[in-house]
Structures are given as structure tokens and as C-alpha cells.
Amino acid sequence: MTLSRRGFLIGAGAVSLPVLLAGCGFVPQSTPTQRTGTLTFTTWGTDAELAGFRTAIAAFESANPGQTVTLNAVPYEQMFSNIDAQLQAGNPPDIFRVPYYTFGAYAGRGQLLDLKPLLSSDRQAQFTEPAWAAVQNQGGVFGLPHHTDTSAILVNTELLAAAGITEVPTSVEDAWTWEELAAIGDKLRGGLPSGTYPWAYNWQGNGVTRWLSLLFQADGAFLQSDQKTPAIDSDAARKAVEFSSSFFSKGYVPANNTINSSSYASESWFSQSVAMVWSGAFQIPDADATATFDWTATFAPRDVRTGGDFGGNALVATANTAQPELAASFLEFMTDAEQMRDFCAAASLLPTRGDLLNGDLKFDVRPELAPIFAAQAGGVQPQDVAQVASPSMSAIIPVLKEQLDLAFTGAQDAATTVQNLQSGIATAIGA
Amino acid sequence: MARPRRAGARREALAAYAFIAPNYLLLLIFVLVPLVGAFLVSLQRTDGFGDGTFTGLDNYARLASDPLFWRSLGNTLLFTAIVTPLSMAFGLFAAVMLNSALPARPVLRSLLILPMAVSGVATALIGVLIFDQNSGALNKIAQLFGLPSIDWQSQAGPAFASIVIATVWWRTGFNMLIYLAGLQGLGPDLYEAARLDGAGAWQRFRNVTLPLLGPTTFFLVILNVIYSFQVFDIVFVLTGGGPGGATSVLVTYAYETGFVTRDQGYAAAIGMVLFLFALLFAAGQWRASRTRDLVE
């Protein structure tokens, strides 16, 4: 048979058309297990976290021959300026790790891949309700909640005993009320040497969102359920501002325990300048290795209800990733029970899967403290998390920092602070 | 009548242009293009993702009614006004001392230059260890001598002083080095003549050394002022701009606005104001300085 030039071109076109169309997304992709490809994954992390990521990546590559993941570990301080620059330049990684309070800034601006059509049907049921709420945006699922962390209180038992306090709450239901915490503060003020304070609060750095725990404990909110209307002008907010300001006016915290302080609360606790510190479980390995005193953990206080910050991070894929299905399959693998359990146990973080948040949860270091942090996390409400995951959170955070700083330094009363928060949040979200 | 051109002048001029062309090219790519880009961003409302909205001079109008901008601008000018003369005076003093026959001169020179080898962030981290008001070295030493502690982090004045002290410590070595180079370029004959005329040590310093160091001083003033306008790392790490904005400077404010609040158009406008100040200062100093080209 003679093959004319035209015939050859038509034949070659017919053969290559499916490949071209597949590249443009016009035909169904092959299943993840049959694909080959490389994903880039950018994250920061402690040594334990990075080791956990590397182990999980090796397991993924071993379970999926031909698929590789390149891990790019960067310092936390550079993480999001790098990611922003890469997104703006159009060369972001396929996958990155993002705190829940930053998540909305990317998801709400079309920078993340909507995983909803790509996930297994049973995925949602595996996560706790607050965790699932944290990765939702405008009806889409823009990430998978990889782990969480919430603040409980680390206690220097030697300093408490010196002030005559020998017992701390052992269940979330028995957590100190705000009034009881204030009484403990007064007792510690009287019983501790001068220059040593009852406690320090971990709202430094980007931790101002941890002040919201007090707002939630007073049953307040800063956004309505539409996430577009400010809701902080309330008695609950005024009460939370008054209570947190009293930490300074009554000398419960060192004067430099401000939101903008360059010294983290944990440093004051490690140096025994304070008896207690609000802290996430991630601090446990450091405390175990370096604290030179006896210590334990207890629950954050409660007011109208228990409440806590929903810390931790999600794993997300960027909207323009060339391999959306591969990215989704990797995210699913990373949040499978085995991977999540191993990662959280080694890094002292809390899983976001309901089946792992049970009595079997163990940290590799000080495993007896894991239930305290798990129970504290159980008090986090989905509606609280949804507010923190607002797309406007990056603009709301500076408002919180500025106004609370003024309240804590005594430059502004609670009523004015809440009014300014209301108007500042309205401006931030463009309401 | 037109002056006759020297033979080969054209070829020399072409060679000169060829030599400076790479510099101009780099200047164009890495300075002018980003500068024009930043100016265009400053005319938009944008979070950096996708296309921004052109808003004309709105971001500049916002600056006028933004108290934190004015406070940051005031802090930047105050910081510059304190740090520049202090670090230059200490640098000159150290250079004069170390240019004379002091014992252990090389060791002292090395000690003063050492901070130059330390990054701004590391300097600030050292500053945190010193100025932490609960566990920092300064307050611990004060307690040892029964002196009152200073609220380096929670009071506006001490917090500002802490960034000034840390910066002066960091910059003095650099100023000393440049002044030392300037001093070593001065010949001994003028001093000998001044001595023969009966000039004392202070008169020799005042009437011979200082004027002859004019170009060095001019160079250092420009560098120090521009550095002070652009101070970021020490403030960012040591005080974070607090307490209550007391140590916020233009660059930390621009950083917060651009990368935390993600209001990049407004941050670019702050950056353009900073650029304008640096430009006006450099131009003013260039015109005003009579000793910039003075040589022995």
C-alpha cells in the first residue's frame, strides 16, 4: 500500500488527537494508579513534621510506582511571601501547606484547586465537622485538613505548688471558669516571687486569632454565618475584651505579653517567668526536652461555653496545577488514617479524622497529655472555624492586632475597642 | 569656532559607552523596571492575585488620613535623625583612635568591624536576648546592682531606644572602616605644618582632619540616611513595630500592608513615598554639600 503525504498527516493527526485532547482536559484522564508524574510540594515544618512528610511521601511513591513528589522545605518566615510571589508569577508548586486562618485568602481568590469533583465519595465523612468546615469556600472543597492544634494550658506544677495550688482541672467539663481563673491569678500573684507572673497568653506572631478563643468562650462571634457581616459588636465581645485586658491591669501576665511582642509566651514559661502558658500541643516535644521543672497540661478556661482556636494546617493544591487528579490522590493519601496517625503522633499534633480522635490517640512524647489536647479540640465549634477561614481573615487580623493592643495597653476601653473592631472588620471585608 | 576633534575620540567614546552599558542595562532591569512596576501597582487596588483595579491616586489620598502611616513616617525620620549622626560620630571617634598608635590596634579594629559580619536579623536576635524585659541580660544586670528594670518591650520610649542602640552598635563598625580608609589617605605633611603653626590636637582635628574627610562624610551620610530610611530587619525582629506602633517604620508598615494584609497597592504607595524621600534627600545633599569633591 502506498501512503501519500496527506494520508500520513491525517493518520498521524488521528493518532495524536486523543493525546492532545487529554492534555487540554477534553477527555477523561486515566485513573491515578495508572498515571506517572511529579508533584512539587512546598511546606515549612519542625524536624519532626518534615520527617513525617518525607516518610509519607516515600510511602506514596512506593504505593504508586511512577509517581513522585518533590518536597521543598522552606522557613516559615518565607513561606507565604514565596507562595504569593510564585502564584503571582504563575509558577506555584502543585501542593502547599496552609494554616486555616490563611486558607480563605487563597481559596476566596481563586488560587486553589476545587477538590470536590476529584475526591472519593466517602472523604467528607472521615473528617470532624470543624475540620471539614475549615476547608470549605463558596460551596467548594479547596483542601484537605491535615492536622489541627488547639491551645490548652501548660502548667509549671512546681510554681503552682509554691503558691499553694496543687490541683488543676482534669476534664474539659471541669475546666476553670473565667472567675476561677481570675481567682487562681490572684492567688498566684500573692504566692509567686516578684518578677514571676501567673501566666502568659500565646497571641504573639500571627497568634492574635487565639484571642478569638476567649470571644467564643463568651459565646460571641466576629462574623455572621454569611462571613460577610461583622458581628463583634456584642456584650460577649465587650466581656472578652474586658477579661483579656484584666490580664494586664491585674498583673496576671508580664507587661511584654502583648500581641506585638517580639518575645513569645512560651519563652517566658520556659524561663519560669510565668507559671502557666497557653500553648498548642506542638510545644510538648520542646518542653519535654528542655523544661527543667515538673510540668503538666490542663484545659483552657470556659465561660458561657468551652471554646478554642482551630490551629493547624490544611494541604491544598493550586488551581493551575497541571495534574489535578494526581494532586487530589496525593492529598487523599496524606490524610489516610495511617499517614495521619503517624504524622500527628511524631509531631504532637491532633488528627482531623474523627476515627483517630479517640482514646487511642498517643503522642510519641508525653502520651498521657494527648487526651487533654484532643478533648480541648473537641470543644471547637464548626461555626467558629468557618469565621476564621473567611477569605477576609488576612485583612481582619491587623484590625484585631491594632485594637486589642490598644485595649491591653490601657489606651482604650472595652466599649470603644469593640466599636472600632466592628467598623474595622466591616472595612476589612468591604461590608 | 568648533573645537577640532581629537583623532580617535569617537572610538574612545564608543569604548566608554560599551564599558558602562552593562551597568546601565542592570540598572534598567533591576531598578528602573521594578520601580515603574511598583508605581503602576500603587495606582491600583490589588491583593496581588489576578488583575488589580485602577484607582488612580486613591492609595496616595488614603495615606493622608492614615494615622499609622504618619506615625511610621515620623518614626522613620526620628530614627534617621538619631542613628545617622550617632553611628557616624562613634565611627569617626573609633577611626581616629584606631588610626593612632594604640596598643592592640588590630584586635580592636577587628572587634569593631565584627558586627558588620553579622546579618541584621542576627543582630536583632542578639538584641532580643539583651532587651527582653523579663529575661534579657540588661534587666538581669540592672537587678544585680539593685537598679530598676526598664520596660524595653512594653513602653514606647525604651522600645524605640532599643532599636536605636542595636542599630548604632551594628553600624558603627562600618562607619569606622570607611573613616579609617579616609584617614589613611591623608598625608602627614599637613599635620606637621599645622603643628609647626602651633595648632593643638583639637585644632588639627577640627581644621585639618574634618574638612579633608568631607568626601568620606558625604558618602557616609548618604549611605546611612538611605539605610535608616530602609530599616526593616532590626525593627521587625526586635520589636515588631510595637508597642502600639511606637517603633513602626515605613518599611515594616509597607511589609505588613503588602504581605500580611495583602493590600499590595497601598503598600506600593507607601514604598513610593519612601523612595521619594530618599531621592529628595540624596538630591538635596548633593546640591548642598560643598566638600563632596574636596581632596587633599
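**Note on a predicted two-chain model: sheets, domains and contacts of chain A**

1. In chain A, strands β8, β9, β7 and β10 make up an open four-stranded sheet, arranged in the order β8-β9-β7-β10 and with mixed pairing. The edge positions are taken by β8 (197–200) and β10 (295–298) of chain A, each of which has a single partner strand, so that one side of each is left without a neighbour in the sheet. Ignoring direction, neighbouring strands of this sheet are turned against each other by 20° on average. The model is a predicted one, and the points below should be read with that in mind.

2. At the β8 edge, β8(A) pairs with strand β9 (residues 274–279) of chain A in the parallel sense, over three bridges, and within this pairing A:Tyr197 stands opposite A:Val274 of β9(A). Helix α8 (residues 178–191) of chain A lies across β8 and β9 of chain A, at about 135° to β8(A). Helix α15 (residues 370–378) of chain A also packs on the sheet, where it touches β7 (152–156), β9 and β10 of chain A and makes an angle of about 145° with the direction of β7(A).

3. Chain A has a further open sheet, this one of five strands in the order β2-β1-β3-β11-β6, and here too the pairing is mixed. Its edges are β2 (67–73) and β6 (144–149) of chain A; because each has a single partner strand, one side of each lacks a neighbour in the sheet. From one strand to the next the twist averages 20°.

4. Is the edge strand β6(A) buried or exposed? Six of the six residues of β6(A) are buried, so the strand is largely enclosed by the rest of the structure, although one side of it is left without a neighbour in the sheet. Its partner is strand β11 (residues 311–317) of chain A, to which β6(A) is joined by five bridges, the two strands running antiparallel. Along this pairing A:Leu144 stands opposite A:Leu315, while A:His147 has A:Asn313 as its bridge partner in β11(A).

5. Two helices of chain A lie across strands of the five-stranded sheet. Helix α13 (residues 324–334) of chain A crosses β1 (37–43), β2, β3 (95–99), β6 and β11 of chain A, running at about 55° to β1(A), whereas helix α14 (residues 337–347) of chain A lies across β3 and β6 of chain A and runs at about 25° to β6(A).

6. The packing of α14(A) can be given in terms of its buried residues, which are A:Ala337, A:Gln339, A:Met340, A:Phe343, A:Cys344, A:Ala345 and A:Ala347. These buried residues pack against α2 (47–63), β3, β6 and α13 of chain A. After α14(A) comes A:Ser348, which has a positive phi, near 55°.

7. Chain A is divided into domain 1 (15–149 + 313–373) and domain 2 (152–309 + 392–429), with the C-alpha centres of the two domains of chain A lying 31 Å apart. The contact between them takes 13 residues from domain 1 of chain A and 20 residues from domain 2 of chain A. Between these domains of chain A an area of about 1500 Å² is buried, and carbon and sulfur atoms give 65% of it. On the side of domain 1 of chain A, the residues that lose the most area to domain 2 of chain A are A:Tyr101, A:Ile372 and A:Phe373, which together account for 40% of what that side buries.

8. A:Gln387 belongs to helix α16 (residues 382–388) of chain A and is buried, its relative accessible area being 5%. The side chain of A:Gln387 reaches the backbone nitrogen of A:Phe222 at 2.8 Å. Apart from its neighbours within four places in sequence, A:Gln387 is in contact with A:Phe216, A:Ala221, A:Phe222, A:Leu223 and A:Met393.

9. Where the two chains meet, 28 residues of chain A are in contact with 24 residues of chain B. Chain A and chain B bury about 1900 Å² between them, and 48% of this lies on carbon and sulfur atoms. The residues of chain A that lose the most area to chain B are A:Gln88, A:Asn256 and A:Ser262, together 24% of what that side buries.

Note on methods: Residues numbered from 1 in each chain as written. Chains lettered and ligands numbered in written order. Predicted model: local features only at pLDDT ≥ 70, side-chain atom pairs only at ≥ 80, totals over all residues. Heavy atoms only, no water. Pairing = 2+ DSSP bridges. Axes fitted to C-alpha atoms, helices over the stretch in contact; angles between N-to-C directions. Contact = heavy atoms within 4.5 Å. Buried < 20%, exposed > 50% of the residue type's maximum accessible area, 1.4 Å probe, protein only. Polar contact = N/O pair within 3.5 Å; in protein donor to acceptor, adjacent residues only side chain to side chain. Domains from an automatic or database assignment. Buried area = accessible area lost by both parts, 1.4 Å probe.
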